[in-house]
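Here is a friendly walk through a few helices and how they pack. Please keep the structure open beside you as you read.

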Amino acid sequence: MPENHDDSQNDASSGTDPADPTVRARNLIARGTIAQRGDTAKEMAKGPGADVLKLARRALRRAEEVIIEVLSLVPPPKPIACKAGCPWCCHIRLTATPPEVLLVLDYIREHFTAPEIAALERKVANVDAFTRGRDGEDRAKQRLPCPLLKDGACSVHSVRPLSCRAVVSVDVAACKRAYDSHMEEPVPQHDLQILAANGIGYGILAGLADVSFSVEDAEMNAALALGLADKDIGQRWLRGEPVFTPATLTRRKV
Ligand code: SF4
């Protein structure tokens, strides 16, 4: 989830005029969230036969569609500066729902070579030793790169989680300042894009709860460590085993 948020750029007004573009955008996001909740509950009600990868792909597609419509209703104040090879924001704590994690794991198994997977396993294990259980504040201080960054770009870009899709910047210099300051400096963002991506994520979690699946928002590196070590993790999760719980725990600071 976004952890470097500048409220001065808040464009998510709380007005009620149905013609107001911001109100229309908010209503669109609400409809997307509700649709995702229903979609998730319907698929997951199939139990171990549920197609969780298809569910995750549909959620990502829905998020992109909602984001495009939201941005057309309420454009950002300046052009979005994000582009491939700009990794400043990929150094914070990243969380994702189990369907999103399973989709990333599937992508890795389908698209990475055996040596690339072995190298990723080593990298994930190294990062895990430093980061397991750390909260967002600690992770900002650590400023460790996401293990999925490769040559400054996301190696799973087409299936990157909703949290990554929530964050956009209109000022790359602000992103660099945030990186240099370990996320103390704010980055101007687009609140409605954050709401849109987070809304779909909430729809996934609410839909899981509706059919009595455990609701887990897993820290990505720990979830990758668990998933890369266990080819059956998806089936086990579908059978109701709390396989991602170790990736959700945050230690108390001492
Ligand atoms: S998954 Fe990709 S976009 Fe998201 S933090 Fe990691 S490298 Fe960046």
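The notes below look at some helices of this predicted model.

## Helix α7 and its ends

Let's begin with helix α7, which covers residues 172–180. Its buried residues are Ala174, Cys175, Ala178 and Tyr179. Looking down the axis of α7, you will find these buried residues within an arc of 140 degrees, so they line one face of the helix.

Both ends of this helix reward a look. At the start of α7, Asp171 points a side-chain oxygen to within 3.1 Å of the backbone nitrogen of Ala173. At the other end, His182 comes just after α7 and adopts a positive phi of about 55 degrees.

## Ala196 in helix α8

Next, find Ala196 in helix α8, which spans residues 191–210. Is this alanine buried or exposed? Ala196 has a relative accessible area of 1%, and the cut-off for buried is under 20%, so Ala196 counts as buried.

What does Ala196 touch, once neighbours within four places in sequence are left aside? Its contacts are Ile29, Val66 and Ile67. Another residue to locate is Ala166: it sits 30 residues from Ala196 in sequence, while their C-alpha atoms are 7.3 Å apart in space.

## Helix α9 against α4

Now turn to helix α9 (residues 220–228) and helix α4 (residues 114–131). Their axes come within 9 Å and cross at roughly 135 degrees. An angle over 145 degrees would count as roughly antiparallel and one of 65 to 115 as roughly perpendicular; α4 and α9 are therefore oblique to each other. The crossing of these two helices, α4 and α9, is left-handed.

To see the contact in your viewer, select Ile117, Leu120, Glu121, Val124, Val127, Asp128 and Thr131 on the α4 side. From α9, they meet Asn221, Ala222, Leu224, Ala225 and Leu228.

## Helix α9 against α3

Helix α9 also packs with helix α3 (residues 98–111), at an angle of about 55 degrees and with the axes 10 Å apart. That angle makes α3 oblique to α9. The crossing of α3 and α9 is right-handed.

On the α3 side, the contact is made by Val101, Val104, Leu105, Ile108 and Arg109. The α9 residues involved are Met220, Ala223, Leu224, Gly227 and Leu228. Leu224 and Leu228 of α9 are worth highlighting: they take part in the contact with α4 and in the contact with α3.

Definitions and conventions
Residues numbered from 1 in each chain as written. Predicted model: local features only at pLDDT ≥ 70, side-chain atom pairs only at ≥ 80, totals over all residues. Heavy atoms only, no water. Buried < 20%, exposed > 50% of the residue type's maximum accessible area, 1.4 Å probe, protein only. Helix = DSSP H or I, 4+ residues; strand = E, 2+ residues; numbered from the N terminus. Arc of directions from axis to C-beta. Polar contact = N/O pair within 3.5 Å; in protein donor to acceptor, adjacent residues only side chain to side chain. Contact = heavy atoms within 4.5 Å. Axes fitted to C-alpha atoms, helices over the stretch in contact; angles between N-to-C directions. Parallel < 35°, antiparallel > 145°, perpendicular 65-115°, else oblique. Left-handed = near helix turned anticlockwise from the far one by under 90°.
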